[in-house]
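The exercises below are to be worked through with the sequence and the coordinates at hand. Each task is followed by a solution that proceeds step by step.

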Amino acid sequence: MDATTIRVLLVDDHALFRRGLIALLGLETGIEVVGEAGDAGEALRLATRTQPDVVLLDNHLPGVRGVDAIVGLREAAPGAQVLMLTVSDDSADLAAALRCGAGGYLLKTCDTDELVAAIRRARQGRVIIGSQMGAMLARAMSEPAAPPPSDAELEQLTPREREIAAAIARGASNKLIGRELGIAETTVKVHVQSILRKLELASRVQVAGWALRHKLDALTK
């Protein structure tokens, strides 16, 4: 297997669905399914052994929700990005997945091209936010009837950090952000860590949700 090949672990309790997905992904250049699991326990064992780049995780597993397995999977395979692939379009499930560290949330109704593109973007460390995902994310990360962000809340971030948070919400990678802003990728990484610390967030996906909820992209234009 080439070093550039994306190693994928499938976690879903429906064997027939796994078979179909393996067949579909097998047609794609540069993607290799390195394991499949029908429950969280087997997923953790396989993640430890195979060290996948991307985990496709269903939220409905025997005895446990998929979101409750995310932390363990990320500890077992620190380099892996976890993408939820589920039938649930419940914004509460989406919010739980993002807070647990998922790198994206896809519905099983997505087409093959969308799924493959999401896998490739996840490998690059990019946030997975499509048009439908963006609407769900904004809804999931905001409280009902949330008030507009206060000046004090926005002022936690410097103008540069607001620009970077807005770019993250658009799904831009650190490299692309650096190119757009004319700064080094390492400098972008420092800013991202500062954003996470100041906002007390755990992932880029949560930063994206914060930026969308605060309509930060509009504020930085």
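**Exercise 1.** Leaving aside its neighbours within four places in sequence, which residues is Leu73 in contact with?

*Solution.* The model is a predicted one, and side-chain atom pairs count in it only at pLDDT 80 or more. Once neighbours within four places in sequence are set aside, the contacts of Leu73 are Ala43, Leu44, Ala47, Val55 and Leu57. The next step is to place Leu73 in the largest nonpolar core, which has 27 residues, and where Leu73 is among the members that touch the most others, together with Val11, Val55, Leu57, Ile70, Met84 and Ala97. The elements giving two or more residues to this core are the strands β1 (6-11), β3 (54-57), β6 (81-86) and β7 (104-107), along with the helices α2 (40-50), α3 (70-76) and α4 (91-99). As background, nonpolar side chains in soluble globular proteins tend to be buried together.

**Exercise 2.** Determine whether Arg123 counts as buried, exposed or partly exposed, and describe its surroundings.

*Solution.* Begin with the location: Arg123 belongs to helix α5, which spans residues 112-123. Its relative accessibility is 33%, and because partly exposed covers the range between under 20% and over 50%, Arg123 counts as partly exposed. Turning to the side chain, a polar contact of 3.3 Å joins it to the side chain of Asp53. Finally, Arg7 lies 116 residues from Arg123 in sequence, yet the C-alpha atoms of these two residues are 9.2 Å apart in space.

**Exercise 3.** Is Ser173 buried or exposed, and which residues does it touch beyond four places in sequence?

*Solution.* Ser173 is found in the loop between α8 (159-169) and α9 (174-181). With a relative accessible area of 15%, Ser173 falls under the 20% cut-off and is therefore buried. When residues up to four places away in sequence are not counted, Ser173 touches Arg126 and Arg204.

**Exercise 4.** Search the whole structure for aromatic pairs, and then examine the face of Phe17.

*Solution.* The search of the whole structure returns zero aromatic pairs. The face of Phe17 has Lys108 lying over it, at 4.3 Å from the ring centre.

**Exercise 5.** Summarise the protein chain as a whole, from its secondary structure to its surface.

*Solution.* The secondary structure amounts to twelve helices and seven strands. Of the chain's 221 residues, 46% count as buried. Considering contacts between residues at least 6 apart in sequence, 70% join residues at least 24 apart. The accessible surface comes to about 10700 Å², with 52% of it belonging to carbon and sulfur atoms.

Terms used. Residues are numbered from 1 along each chain as its sequence is written. Side-chain values use heavy atoms; hydrogens and water are left out. A nonpolar core is a set of buried Ala, Val, Leu, Ile, Met, Phe, Trp, Tyr and Cys residues joined through side-chain atoms within 4.5 Å. Buried means under 20% relative accessible area, exposed over 50%, partly exposed in between (1.4 Å probe, protein chains only). Helices (H or I, at least four residues) and strands (E, at least two) are DSSP runs, numbered from the N terminus. Contact means heavy atoms within 4.5 Å. Rings of Phe, Tyr and Trp (its six-membered ring) pair if their centres lie within 6.5 Å; planes under 30 degrees apart count as stacked, over 60 as edge-to-face and the rest as tilted. A charge sits over a ring if NZ of Lys or CZ of Arg is within 6 Å of the ring centre and within 35 degrees of the ring normal. Accessible areas come from the Shrake-Rupley method with a 1.4 Å probe; for residues, only the protein chains shown count as cover. A polar contact is a pair of N or O atoms within 3.5 Å; within protein, one must be able to donate a hydrogen and the other to accept it, and residues adjacent in sequence count only if both atoms are side-chain atoms.
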